[in-house]
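Visitor: I would like a close look at one part of this structure, the place where two of its chains meet. Please take me through that part, and then through whatever around it helps to place it.

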Amino acid sequence: MQIAFYLSLNLLKMTEYRTELVDSFELELSAEAADLEKQLGEIYQEMGINYPKFYKMNDLCKLGFIGAEKITSNNTSLFSEIAKDQVATIFFNRSSSLVSDHEHMTSIHRQSIPSPAVFVYTLPNILNGEIAIRNEWTGYSAFYLMENYEASKIDELVNIGRHCQTFSLCLAGWVETDLANQKYSLKIMLYKVN
Amino acid sequence: MAKDRIAITGMGIYTALCKGVSQNHQALHNNKSGISDITILQTKHQGSLPAGEIKKTNEELRNATRYHSDEKIPRSVLLSIPAIEESISMSGMPDLSECDFYYATTVGGIDISEQLLLEKSNGIYIHHNEFRYHDCGASTELLSDYFKIKGRQYTISTACSSSANAIGLAAQALNSGITKYAIAGGADALCRFTINGFNSLMILDKEPCRPMDNSRNGLNLGEGAAFLVLETEQNAIERGANILGFVVGFSNTNDSHHQTASSENGEGAYLAIQGALTDAQLAPEDISYINAHGTGTQNNDLSEGNALERVFDQMPPVSSTKSFTGHTLAASGAIEAVFSILSLRHQEIYPTLRWNKKIEGHQFASFNSKTDHEVKYILSNAFGFGGNCSSLIFGK
Amino acid sequence: MQDLILEIKSKLIEQLNLQHLTPEQIDDDAMLFGTGLGLDSIDALEIIVLLDNDYGIKFKDQDEAREVFTSVRTIAEYVSKHRVNG
């Protein structure tokens with residue numbers, strides 16, 4: 001299901017919390033190089049992760065999962081100090097779960113029963129769920145849509161999230177699967193909240 | 001929210017029971033179910049899957065608005081309009097230019113898109129502009145424009161916890177002082193996308209649902225819309241508004257178990273309930289009644305009941321009003337918020353219709369008829385796919 | 001039967017996104033759920049859809065299906081007895 005989250009935020013009075021950017025990771029994939037799903041599979045294999053559930057995910061979740069793995073593996077001692085209910089995930093994109101929505105919608109007409117495994121991924125916040133399952137995180141999770149990547153809006157929403165709910169670490173990021181232009185973009189950040 | 005409690009000064013609702021707060025109250029008070037055979041949505045599941053369907057075509061809904069007859073407006077927007085109108089009118093809010101809008105939906109304009117795609121597959125040319133109301137943010141913009149709401153717009157979509165999260169987020173924004181008024185709630189409409197999707201998961205009951213009952217066999221989908229007008233208590237008192245109730249606590253957590261199923265011990269639910277109690281600075285024994293998420297699936301009701309039993313030594317009365325409305329997906333949190341405020345105002349609690357026997361393994365029972373009850377604080381749960389668990393607490 | 005077992009293994013690998021496995025790596029009698037292959041409830045639903053679409057086999061509910069889905073061999077034996085098409 002495609003979801004849009006249009007924001008027009010004023011400056012927020014969030015002065016009681018400070019977020020510190022601890023780490024980040026970026027990835028751009030284009031279908032000019034090779035099939036996008038295949039590229040994601042190759043990156044996963046190169047990283048040496050043993051998590052067969054990866055292959056069941058849609059491309060949105062695979063892309064975000066790779067980013068989360070990069071961040072957690074680079075910051076193992078930091079994550080080990082923080083309780084699992086203190087880690088939040090807040091993600092953003094423009095295309096929502098369109099990678100799965102169209103497939104589900106067309107399969108309704110093609111088959112007597114559409115694929116349940118495809119339907120499961122027709123919500124973008126399943127990405128938050130997959131990363132939470134992998135890491136056993138039980139903290140705050142949110143997914144927003146924006147027209148375009150805007151770092152300042154991501155910062156603001158991390159702060160709103162922190163105001164809603166206690167968390168000490170936040171994995172926030174832009175996870176975009178642009179099917180029209182055959183480009184996938186990932187910009188993932190790790191914030192520490194002081 | 002150690003912070004202040006947030007005043008609810010207006011509410012509006014449209015469900016399969018009927019349109020309007022007092023009409024919904026009458027149906028709840030009289031144990032009158034809104035579950036029926038599907039007649040409006042054109043689907044191969046007509047006659048086999050009951051639902052909480054609003055018996056108005058899109059044309060009938062649109063004719064009651066200012067939209068022209070040739071405009072294809074998403075059904076979830078058409079359901080939202082009378083509900084938002086009612087909430088604004090009830091609140092007597094003086095100025096929508098200082099009002100933020102927190103709108104929750106999962107379906108958005110999918111009902112229009114799926115019809116267009118069907119026509120396209122039959123060879124009819126469809127211009128891509130016809131899909132302009134597909135995404136959920138378009139619904140938010142349509143409604144903001146319709147009511148001239150000038151503040152910030154947020155579209156929340158976290159599956160079945162969406163409008164609970166909209167209310168929680170709005171309450172926190174008010175508490176932080178960034179806004180003066182907020183309209184928070186949501187809507188979802190029945191469509192082929194969701195009915196076929198849920199059917200593929202084999203969690204739809206072919207009979208009217210029996211949440212929290214040992215014989216439960218799945219959920220019935222529903223549709224509807226509900227909205228609250230929220231403001232700080234101080235602002236409400238200063239302008240002499242009629243306060244209907246308060247949002248006193250909110251928490252969101254992740255179950256971290258499965259994309260769509262809940263953990264057996266209800267860990268995410270447990271943490272959300274505990275988090276809301278902490279946020280409200282209340283103890284479990286302060287809760288007078290629980291409006292459960294209670295979908296009627298084997299998995300949710302077992303898991304949620306387990307979570308409740310972990311929190312409450314002495315269980316207050318628990319029921320699921322999805323037995324009246326069906327599971328209205330993104331709208332459920334807000335619809336059940338309105339039902340909770342009705343409960344507080346009338347000092348009565350609404351049943352789980354068709355409930356008969358407690359779930360094997362649970363100690364607590366539900367109840368199947370409207371009951372007078374002293375109600376001070378209500379816990380309302382909303383749990384969505386992706387492990388998204390939210391709990392709200394409302395008070396007098 | 002061996003041909004059908006191989007056919008079902010290939011279909012499961014494709015339908016359930018088990019690309020990291022080859023048919024030779026799936027033991028005919030290995031447990032599909034719980035331990036063994038570690039499939040979950042969504043995989044069970046996918047197998048139900050697969051058997052309906054490819055062989056015309058319909059299950060009343062998930063409980064009925066789970067009794068059949070112990071291993072690839074038990075699925076193949078059930079398909080062999082109950083297939084309507086494919």
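Guide: What follows starts at the contact between two chains and then moves outward. The model is predicted.

The contact between chain B and chain A takes 50 residues from chain B and 44 residues from chain A. On the side of chain B that touches chain A, the elements that give two or more residues are α4 (110-121), α5 (136-147), β3 (153-156), α6 (162-175), α7 (192-200), β6 and α9 of chain B. Of these, α7(B) gives the most, with six residues. By class, the residues on this side of chain B divide into 13 nonpolar, 31 polar and six charged.

Helix α7(B) is worth following across to chain A. Helix α4 of chain A, residues 98-110, packs with α7(B) at an angle of about 80°, and the axes are 10 Å apart. Angles of 65 to 115 degrees count as roughly perpendicular, and α4(A) and α7(B) are therefore roughly perpendicular to each other. From α4(A), the residues that make the contact are A:His104, A:Met105 and A:Ile108. From α7(B), they are B:Arg192, B:Phe193, B:Asn196 and B:Gly197. Sorted by class, this helix pair has three nonpolar, three polar and one charged residues in contact.

Next, the chain on the other side. Chain A has seven helices and five strands, and from the N terminus on its elements run β-α-α-α-β-α-α-α-β-α-β-β. Of the 194 residues in chain A, 51% are buried. Among the contacts in chain A with a separation of 6 or more, 74% are between residues 24 or more positions apart.

Back in chain B, two of the elements already named, β6 and α9, give two or more residues to the side that touches chain A. The loop between β6 (245-254) and α9 (267-280) of chain B holds B:Ser256. B:Ser256 is not a glycine, yet its phi is positive, at about 55°. Most residues other than glycine have a negative phi. A residue is buried if 20 or more other C-beta atoms lie within 10 Å of its own; B:Ser256 has 26 C-beta neighbours inside 10 Å and so counts as buried.

A second residue of chain B with a positive phi is B:Gln347, where the value is near 50° and the residue is again other than glycine. B:Gln347 lies in the loop between α12 (332-346) and β9 (348-349) of chain B. With 13 C-beta neighbours inside 10 Å, B:Gln347 counts as partly exposed.

One more loop of chain B can be described through its contacts. B:Glu98 sits in the loop between α3 (75-91) and β2 (99-104) of chain B. B:Glu98 is partly exposed, because 15 other C-beta atoms lie within 10 Å. Apart from neighbours within four places in sequence, B:Glu98 is in contact with B:Gly151, B:Lys180 and B:Tyr181. B:Thr9 is 89 residues from B:Glu98 in sequence, and the two are 15 Å apart in space, C-alpha to C-alpha.

Chain B also touches chain C. That contact takes five residues from chain C and four residues from chain B. On the side of chain C, helix α2 (residues 41-55) gives the most, with three residues. The residues on that side of chain C divide into two nonpolar, two polar and one charged.

Methods. Residues are numbered from 1 along each chain as its sequence is written. Chains are lettered from A and ligands numbered from 1 in the order in which they are written. This is a predicted model: local features need pLDDT of at least 70, side-chain atom pairs count only at pLDDT 80 or more; totals for chains, interfaces and linings use all residues. Two residues are in contact if their C-beta atoms, placed from the backbone, lie within 7 Å. Helices (H or I, at least four residues) and strands (E, at least two) are DSSP runs, numbered from the N terminus. Ala, Val, Leu, Ile, Met, Phe, Trp, Tyr, Cys and Pro count as nonpolar, Asp, Glu, Lys and Arg as charged, and the others, Gly among them, as polar. A residue is buried if 20 or more other C-beta atoms lie within 10 Å of its own, exposed if 12 or fewer, and partly exposed in between; C-beta atoms are placed from the backbone. Axes are lines fitted to C-alpha atoms, for helices over the stretch in contact, and angles run from 0 to 180 degrees between N-to-C directions. Angles under 35 degrees count as roughly parallel, over 145 as roughly antiparallel, 65 to 115 as roughly perpendicular and the rest as oblique.
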